[in-house]
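Let's take a friendly walk through one protein model, stopping at a few places along the chain. Have the viewer open and follow along.

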Amino acid sequence: MTTHYLVRPARSVHGELRVPGDKSISHRALMLGAIADGPSAISGFLAGEDCLATLSALMALGVGVQRPAPTEVLVHGAGHHGLLAAAGALDMGNAGTAIRLLMGLLAGQRFDSTLIGDASLMRRPMERVATPLRAMGARIETADGRPPVRIHGGAALSGIDYALPMASAQVKSALLLAALYAHGTTQVTEPAPTRDHTERMLRGFGVDVTSTGGRVSLAGGQRLTGCRIAVPGDFSSAAFFIVAGCLAAHQGLTLRDVGVNPTRTGLLQMLRLMGADIELVPHGAGAPEPIADIHVRASALRGIEVPQALVALAIDEFPAFFIAAAAAEGQTTVTGAAELRVKESDRLAVMASGLGALGIECQLLEDGLRIRGGRMSGGRIDSHGDHRIAMAFAVASLVASGPIEIADVANVATSFPDFPRLARAAGLDL
Ligand code: S3P
């Protein structure tokens, strides 16, 4: 297992790449397929550790699964009440999406479940999901707000009308999954739009979900019908190469077949405000998920104040974005991004210390970061086991004056196992 990267300065990226399947959509495809009536065929599945943790958990819950190829999964739906008690605790590894969505799904079952994870996941907040699930009637315990999460089965759930205190697609999705098992209608209101893959995919499985004015509602008791799901390329994985392209694609760089759901692509708007040269060529039907080829060309970037409305739409892209900000001329400020402190690592603190190690002036704010763009040196970075931090600093090598050594990178395999190979193909010296 690769535990660290040594990335030497390279000055250009180029060519055409295809990033692996979307992580958020892969998790959802497995879970919805598992409770559907009949089989579901998933293509373009992300064979990363996070999604494989979901796959193992569903198998432990009695779901039949075949994998004719690493990126193809046939899920034999167990039906609305077909899941069975697992023999032990379900270990979700590093996967926040998996544990939180499964909390919702398992709250409505007739058996007990326990969810655990790796050291990072065991530190992450779970009450944001447990609290509204309890309001629906679920019986759930957390350990001081963190895993292990113990779910007592057999609870009668009722629909609720819930206003999310934070913009979180994981919490929204967990409630929608529990809502399938609840009596009456559940309504979830978001403070800002977040990724809507669950809503789109539920419709594909035949569920009636309505979304209007920031409110999603779903009537309980609806059954899912198995279907085909083609998972698009993960925009969040493409993001590292989009930033790399902005910094060093002097002849252009193309990313093929990337999911460009507007609830995911805030990074494109942020980079364009900085002066980036990015072109999207949409193809496919646009439903249920829009897909495009993304063409990027290097350009001079200027610092910006990140508009609040874009923060939730780029929530996973900030590690990569901060590298762009560090390479830009002038100052970039992000606020309203306190959620970054409770990701796989405290991404505000870890990015600030990493950028500091490369000689970039950076001010850590309570809910954001202020970065003064400048010349980056080489240096030593600790990714704190956070896949996106590791990949972001690999991209920084395109503008650094010396080698960057990045420690604790094994978790890149959670979302993008092929990153080193694709990074080298694009021109990084990793
Ligand atoms: C995700 C939602 C986001 C995101 C995560 C994936 C999802 O988390 O950061 O990587 O698939 O629903 P939050 O819901 O905590 O914002």
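A good place to begin is helix H6, where the buried residues are covered by a set of elements that includes helix H1 (23–35), helix H5 (169–179), strand S14 (209–212), strand S15 (215–219) and strand S16 (228–230). Keep in mind as you look around that this is a predicted model. H6 itself spans residues 197–204, and the residues of this helix that are buried are His-197, Thr-198, Glu-199, Met-201 and Leu-202. If you step past the helix, you come to Gly-206, which follows H6 and has a positive phi, near 90°.

Now move along to strand S18, residues 277–283, and pick out Ile-278, which lies in this strand. Is Ile-278 buried or exposed? With a relative accessible area of 9%, Ile-278 is buried, because the cut-off for that label is under 20%. Leaving aside residues up to four places away in sequence, Ile-278 touches Ile-242, Cys-246, Leu-268, Leu-271, Arg-272, Ile-294, His-295 and Val-296. One of these partners deserves a second look: Cys-246 is 32 residues from Ile-278 in sequence, yet their C-alpha atoms are 8.1 Å apart in space.

That cysteine leads us to the next topic. A disulfide is a covalent bond between the sulfur atoms of two cysteines. How many disulfides does the model have? With the sulfur atoms required to be within 2.5 Å, the count is zero. Cys-246 is in no disulfide, and the nearest cysteine sulfur, that of Cys-362, is 19 Å away. Cys-51 has its closest cysteine sulfur in Cys-227, and that is 17 Å off, so the two are too far apart for a bond. Both of these unpaired cysteines are tucked away from the surface probe: Cys-51 counts as buried because its relative accessibility is 0%, and Cys-246 counts as buried because its value is 1%.

Our last stop is a pair of helices. Two packed helices are described by the angle between their axes and the distance between the axes. Helix H10 (residues 318–327) packs with helix H12 (residues 387–396) at an angle of about 25°, and their axes are 8 Å apart. H10 is therefore roughly parallel to H12, and their crossing is right-handed. On the H10 side, the contact is made by Pro-319, Ala-320 and Ile-323, while H12 contributes Arg-388, Ile-389, Ala-392, Phe-393, Val-395 and Ala-396. By character, the residues of this contact divide into eight nonpolar, no polar and one charged.

Note on methods
Residues are numbered from 1 along each chain as its sequence is written. This is a predicted model: local features need pLDDT of at least 70, side-chain atom pairs count only at pLDDT 80 or more; totals for chains, interfaces and linings use all residues. Side-chain values use heavy atoms; hydrogens and water are left out. Buried means under 20% relative accessible area, exposed over 50%, partly exposed in between (1.4 Å probe, protein chains only). Axes are lines fitted to C-alpha atoms, for helices over the stretch in contact, and angles run from 0 to 180 degrees between N-to-C directions. Helices (H or I, at least four residues) and strands (E, at least two) are DSSP runs, numbered from the N terminus. Angles under 35 degrees count as roughly parallel, over 145 as roughly antiparallel, 65 to 115 as roughly perpendicular and the rest as oblique. A crossing is left-handed if the near helix is turned anticlockwise from the far one by less than a right angle, and right-handed if clockwise. Contact means heavy atoms within 4.5 Å. Ala, Val, Leu, Ile, Met, Phe, Trp, Tyr, Cys and Pro count as nonpolar, Asp, Glu, Lys and Arg as charged, and the others, Gly among them, as polar.
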